[in-house]
Amino acid sequence: MDPSNAVIADALEELGDLYELDGAIVHRVVAYRTAAKAVREASVSVAALAYASRATELPGIGKTLQDKILTLAQTGTIPSAERLRAKFPAGLVAITRLPGLGPKRARLLHSELGIDSPQALREAALAQRLRTVRGLGAKFEESVLAALDEMDSRPAGASAQRILLPRAIEISEALVTGLLELGGAGTHVELAGSARRQADSVKDIDLVATTTRPTALAKSLAKLQEIESVSSAGKAGAKARTHSGVGVDLRIAKPAQLGNLLQHFTGSGAHNAALREAAVRRGLHVSEYGVLNDATGISHAYVSEAEVYARLGLAYIEPELRENRGELEAAASAGGLPRLIELGDIRGDLHCHTIASDGHNTIDEMALAARERGYEYLAITDHSASHGFGNDVSPEQLRRQIELVHEANERIAGIELLAGSEVNILPDGSLDYEDELLGQLDWVIASVHTSFGMDEQAMTKRMIAAIEHPLVDAIGHPTGRLIGRRAPYAIDLEAVFAAAARTGTMLEINGNPDRRDLSDVHARAAHQAGVRILIDSDAHRTGTLANMRWGVATARRAWLGADALANALPWSELKQLRMRSA
Ligand SMILES: [Zn+2]
Ligand SMILES: [Zn+2]
């Protein structure tokens, strides 16, 4: 049998790690990692592609890598990996993957202390032997132990298996389209589960279908090119796995039950548990098949979810709200559920980058793409002077950039361009540019990009200093989290929200699908504290202006309507708000 995409990706990643330990040039190491990512995310079998000499169609895979993949498929191993494995103990590779270590330090620990495994590393850290190595100290020992604990608490492979929402939506849409094609007339397929609820990340893809030929539809799943294997298929549905390693659960019901099935498999588990409990108090039992009346013994199935909720005395609840965070109580009261924000309510984007910093498009290109999306305004907010990735905008460059934006604004009709900046909040809470320069900008967004490890008190003070700065309009990605990769920095959000509400400084929901920061829970709390929320794409190229969609999804999960969101307002009104708060 051909190796799965996950097996190939792991092999390429290991090879990258081994080359890095071996001191290979960075670029070669990065090439293996990029290739591993492309393989892992490929929607079709990469082994099959390699056999057909077509693996080179994937991004980052050239002829050499295709040959390696072919060798792996044919022999079960890659010779260069074998050679390097003989040189470096397997445990050393695991050590390089710990946050804060990397290959240089792993090699150093190996050569100086003979450490060759995570266990050996733990023992050495506990015995305070790491600090005997030049350049390493007690603080390093502490962070090593924390990283090892974190690694142990993570079930094997668990974090790798969750995928971010955009990827889940992309795979789901391909599966839905494929099933509809194979199912033919009378087939109905819908997305359910956490992807339908627009959650940050998704473990499995849940699909719900109705058809007159259920067994045939379940079996047809195996024919889709995205599917690696099907573990069971019958008239009730099928369980499968995609080449990209995602579980797929297809449930099939009679058309008359679609509402019940969709409601049940959309979840969340907590929402459904609370729903069942509330129903029992009315003498009703809710299941995926229907609503059973205890008194009469008669079960009713419903075509639509709205009917299911209505039977339980509830208004229809949008999938994004189904988390058991008060939605059932609100749905039972008149006018209790908000009308949620929609993408079409967004009038402008106030955070994006151009080639002036680390973006990929010009001011004009970004402006035209934003106009194409129907926006009334766009703020160009390149990174400030100390951004530190080699794409800094010096004060002189910013002065020039302001002119360029204003010139583009004159030239380009149909959209208002605002000269802005995404200014770094320095560790002491001060900003990267002088007030005199900030005062010339139409729009200032301030963000933390450095020193994430500060203690809570210092970080909170730093953030509040920026919030209180009279020239700061909004705070970008306020908690610094990266979904599944980096937790929010230590910060007292209650104090931050109070400061933002007091000063009128807006807090952002960053729409980058890796961030979605503020999160749904935090955005809701901020709104309840009286903070005005802003949704931005943080686009670094024209295409990612579309990331607004994921920010809107988070805002919906935060129960926010258009009235809560600053950029659902025309720029003239938004400007008024700023002036009032200043
Ligand atoms: Zn940023
Ligand atoms: Zn940014």
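**Exercise 1. Work out where Ser 268 sits and what is odd about the peptide bond before it.**

Step 1: place the residue. Ser 268 is in the loop that runs between helix H14 (258-266) and helix H15 (269-280); helices here are DSSP runs of H or I with at least four residues, strands are runs of E with at least two, and both are numbered from the N terminus.

Step 2: check omega. Gly 267 and Ser 268 are joined by a cis peptide bond, with omega at about -5 degrees.

Step 3: look for another case. Asp 517 and Leu 518 are also linked by a cis peptide bond, this one with omega of about 5 degrees. Leu 518 belongs to the loop between S16 and helix H23 (520-528).

A note on the ground rules: this is a predicted model, so local features need pLDDT of at least 70 and side-chain atom pairs count only at pLDDT 80 or more, while totals for chains, interfaces and linings use all residues. Residues are numbered from 1 along each chain as its sequence is written, chains are lettered from A and ligands numbered from 1 in the order in which they are written, and side-chain values use heavy atoms, with hydrogens and water left out.

**Exercise 2. Describe the surroundings of Asn 510.**

Step 1: Asn 510 is part of strand S16 (residues 506-510).

Step 2: its relative accessibility is 0%, so Asn 510 counts as buried (under 20% relative accessible area is buried, over 50% exposed, in between partly exposed; 1.4 Å probe, protein chains only).

Step 3: list the contacts (heavy atoms within 4.5 Å). Skipping residues up to four places away in sequence, Asn 510 touches, among others, His 351, His 477, Asp 536 and Ser 537. The cis pair turns up here too: Asp 517 and Leu 518 are both on the contact list of Asn 510.

Step 4: follow up on His 477. This residue lies in the loop between strand S15 (474-475) and helix H22 (493-503). Its phi is positive, about 25 degrees, though His 477 is not a glycine. With 1% relative accessibility, His 477 is buried.

**Exercise 3. Is Gln 198 buried or exposed, and which residues does it touch?**

Step 1: Gln 198 sits in the loop between helix H12 (193-196) and strand S3 (201-202).

Step 2: a relative accessible area of 13% makes Gln 198 buried.

Step 3: beyond four places in sequence, Gln 198 touches Leu 165, Ile 169, Glu 320, Arg 516, Trp 550, Ala 553 and Arg 557. Arg 516 is also among the contacts of Asn 510.

**Exercise 4. Find the nonpolar cores and pick out a well-connected member.**

Step 1: a nonpolar core is a set of buried Ala, Val, Leu, Ile, Met, Phe, Trp, Tyr and Cys residues joined through side-chain atoms within 4.5 Å.

Step 2: the largest one has 63 residues, and Met 463 is one of those touching the most other members, as are Leu 378 and Val 496.

Step 3: leaving out neighbours within four places in sequence, Met 463 contacts Ile 425, Val 448, Ile 475, Pro 478, Tyr 489, Ile 491 and Val 496. Apart from this core lies another of 49 residues, including Ala 9, Leu 12, Val 93 and Phe 140.

**Exercise 5. Put the whole chain in perspective: how many helices and strands are there?**

Step 1: there are 25 helices and 17 strands.

Step 2: buried residues account for 51% of the 582.

Step 3: of the contacts between residues at least 6 apart in sequence, 66% join residues at least 24 apart.
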